[in-house]
Amino acid sequence: METKYVFVTGGVASSLGKGIIAASLAKLLQSRGYRVTIQKFDPYINIDPGTLNPYEHGECYVTEDGAETDLDLGHYERFLGVHTSKANNVTTGKIYNTVITKEREGAYLGKTVQIVPHITDEIKRRMLLLGQSGNYDIVITEVGGTVGDMESQPFVESIRQLQWELPDDAVCTIHLTLVPYLAAAGELKTKPTQHSVQALQQAGVHPDIIVCRSEKELSAELRNKMARFCNVRQGNVIESIDAPSIYQVPLNMLAEGLDEKVLQCLGINLYPQSDLSRLRAFLDRLYNPQDRVDIAVVGKYVELQDAYKSILESFVHAGAANHCKVKVHYIHSEHVDRSNVAEVLGPMHGILVAPGFGERGLEGKIEAVRYARENNVPFFGICLGMQMAVVEFARNVLGYADAASTEVRPETAHPVIALMEDQKTTTVKGGTMRLGAYDCALEKDSLAQRIYGCDMVRERHRHRYEFNSAYLQEMEQAGLKASGRNPQTGLVEIIELPQHPFFIATQFHPEYKSTPENPQAIFVAFVKAALDYKSSKQKAE
C-alpha cells in the first residue's frame, strides 16, 4: 500500500508525553503487522543535541549509524525493537543549515529565500523522506514543542500544506493536550484543550484525534464536550491517564482504540488483530517482582533523571528479566570522597559509574571505583566510567599517583587515557566524536564472553578519548584484563577484573540497545550479580 503519515503535535504544556504516545501507537500498529517508523522534528536551532548540556535537553541518544539525537528516539527503539537512523531526527538547525548551504551554492537561482516556500519545502521533503524509501507502511512524525511556540510555526505550516497536498486518507493528525484537575474546584477543566486546539486550527491544521493527558478518568460528558468544541468526531477524544510504567501506555491506548481510530482515519478498514503477548509478559514480571536490589548510579547529572534515561530504562528491563525491582540511587560524584564513600555506597548492592565529560566530579567517580574494587561490590562502568576505572587501577594498583586522562590533565606523566589519534586534528565539536556502532571481539573464557554468549558483538559509542594501549601489558600483568577489543583498530572496548566477583566496564554505551523484550546482556548480568551480592551479604549478617 502507499505510505501513510501520522503527525503528533502537542499543546498547553511540554513534557506531556508526545514521544510515549507516538511510540505506543507505533507499537500497536507494528503488533498488527504494519511496517512502522517514527521520526522526531525538534524546533531548536542546534544542529543536534550533541553539544547540549544534559541539563538542557536530557540524554543525547546515539543511533546505530552514528547520529546524536533527541532522547525520544530511545523510546522509539525501546518500544519498537528496531533501529532508527540519522533521518529519524530533524532539527530547525538542520533545516536552516541545508537551505542556507543550497542558497550559497546558487541552487535557488537568485530568488529571495523565505520561510515559505523554501524552509517549509525542506521540512516537507524530510517529513516524506522515510516514507518514500518504500520500507514503511506508516510513518509517524512527532513535532517537538507546543502549538503556538514561535519555533514550531514552520513545522505546523508544513503539516497544513501536506494535509492539502496528499490524499485525504494519507494523513492523520493527533493532538496531545492536557486536561488538568483542579483540586480546589474538584473537577477536570477542558478549556486548556479547547484553546490549544483552536490555536492549531487557526494555523490551518485540523486534528483528527485528540489525546488528553489527565490524572483522572474523563467522563463521556467531558469527552463529548471536547469533541463538540474542538470539531472532532465523537469517539475521537482519547484518554491518556497516568500509568505506573511507560510500557503500560500501549495497552492503555489499545483499550482506548487509538490504533483502530488511526487506521480508520487512514482509510484502512481491514486489519489483523494485535499480538502484544511479549509486552504483557514483560509487564507481568515488572509488576510482580520477587526481590529488590539497591544500585548506585554515580554521576554528575543526577538532578535530572532524563540525563541518564537509557541507563534507567535498561535497569527496568534487566530488573524484570531477573524478576526483581531495581531501586536506583543517584549519587552525585562531586559529593563522594574518601571520608564518606563507605557511608554513601555501603548500603548498595551494585555500583554503576556513569558516562559524562569534563573534570567536574571525576575524583568522586574514581573513589567509587576504588570502593567497589576493594570491597568486592558488583561494579559496572560505562564510557567515562570505564576510563575512570582504568585511572583508579593505575593509581592504586600500579602506584602511578598522577595517572589521569589527558582530557583533564594534558601534562600528566602517566596518560593512561588519551585522545584518539583521529581526534587530534579535530576542532569542530558537534558530530565529530567516535559515534555509532562498532564491532567488539570478546576474549575467550572472559566474563564478557560469558555474558554475551558469543565471540563478537556490535555496540554504540560516543567518545573522543580511549584506553592508552602503551599501558596495556603492564595493567594486564597486574590483573586488569582487556576482554573486548575492536578487531580493526585494537581499541580496548571492555575491561574486567577476573579476581573480582563482578567487575566490568565498557567504552561503548550498552544502554542504547536495551529493550523490554530484549534486555541488554551486561545489565541483566549486573543485576543478577547485585542479587547474589545481596544474598551473600544477608547470610554473612
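Select Glu64 and Lys513 to begin, and show their side chains, which meet in a salt bridge with an N to O distance of 3.3 Å. Glu64 belongs to the loop between strand E3 (61-62) and strand E4 (68-69), while Lys513 belongs to the loop between strand E23 (503-506) and helix H18 (521-540), so the pair ties together parts that are 449 residues apart in sequence. Bear in mind throughout the tour that this is a predicted model. A search of the whole structure finds 38 salt bridges, and the pair now on screen is a salt bridge of this kind.

**The sheet of nine strands**

Next, colour the open sheet of 9 strands, whose order is E13-E12-E14-E15-E23-E22-E21-E18-E19 and whose pairing is mixed. Strand E13 (324-332) and strand E19 (456-463) stand at the edges with a single partner strand each, so one side of each is left without a neighbour in the sheet. On average, and with direction ignored, neighbouring strands of this sheet are turned by 30 degrees against each other.

Within that sheet, select residues 481-485 and 492-496, which are strand E21 and strand E22; these two pair in the antiparallel sense over 4 bridges. To find one point of the pairing, pick Ala482, whose bridge partner in E22 is Ile495.

**Helices across the sheet**

Now add helix H18, which lies across E12, E13, E14, E15 and E23 and runs at about 115 degrees to E12. Helix H14, which should be shown next, lies across strand E12 (291-299), strand E14 (350-353), strand E15 (379-382) and E23, and its direction is at about 150 degrees to E14.

**From H14 to H15**

Keep H14 (residues 362-374) selected and bring in H15, against which H14 packs at an angle of about 70 degrees, with the two axes 9 Å apart. That angle makes H14 roughly perpendicular to H15, and the crossing of the two helices is right-handed. On the H14 side, display Leu362, Glu363, Lys365, Ile366, Val369, Arg370 and Arg373, and on the H15 side Leu384, Met388, Ala389, Val391, Glu392, Phe393, Arg395 and Asn396, which together make the contact. Sorted by class, this contact of H14 with H15 has 8 nonpolar, 1 polar and 6 charged residues.

**The sheet of three strands**

Which strands does helix H15 lie across? With residues 384-396 still highlighted, one finds that H15 lies across E16, E17 and E20, running at about 150 degrees to E17. These 3 strands form an open sheet in the order E16-E17-E20, with mixed pairing. Strand E16 (404-405) and strand E20 (465-467) are its edge strands, each pairing on one side only. Between E16 and strand E17 (residues 415-419), which run parallel, there are 2 bridges; selecting Ser405 leads to Ile417, its bridge partner in E17.

**A last stop: H1 and H10**

Finally, move to helix H1 (residues 18-31) and helix H10 (residues 258-265), whose axes come within 9 Å and cross at roughly 80 degrees. H1 is therefore roughly perpendicular to H10. The residues to display here are Ile21, Leu25, Leu28 and Leu29 of H1, together with Leu258, Asp259, Val262 and Leu263 of H10, which make the contact. How do the residues of this contact of H1 with H10 divide into nonpolar, polar and charged, and what is the number in each class? There are 7 nonpolar residues, no polar residue and 1 charged residue.

Conventions: Residues numbered from 1 in each chain as written. Heavy atoms only, no water. Pairing = 2+ DSSP bridges. Contact = heavy atoms within 4.5 Å. Axes fitted to C-alpha atoms, helices over the stretch in contact; angles between N-to-C directions. Parallel < 35°, antiparallel > 145°, perpendicular 65-115°, else oblique. Left-handed = near helix turned anticlockwise from the far one by under 90°. Nonpolar A, V, L, I, M, F, W, Y, C, P; charged D, E, K, R; others polar. Salt bridge = Lys/Arg side-chain N within 4 Å of Asp/Glu carboxyl O.
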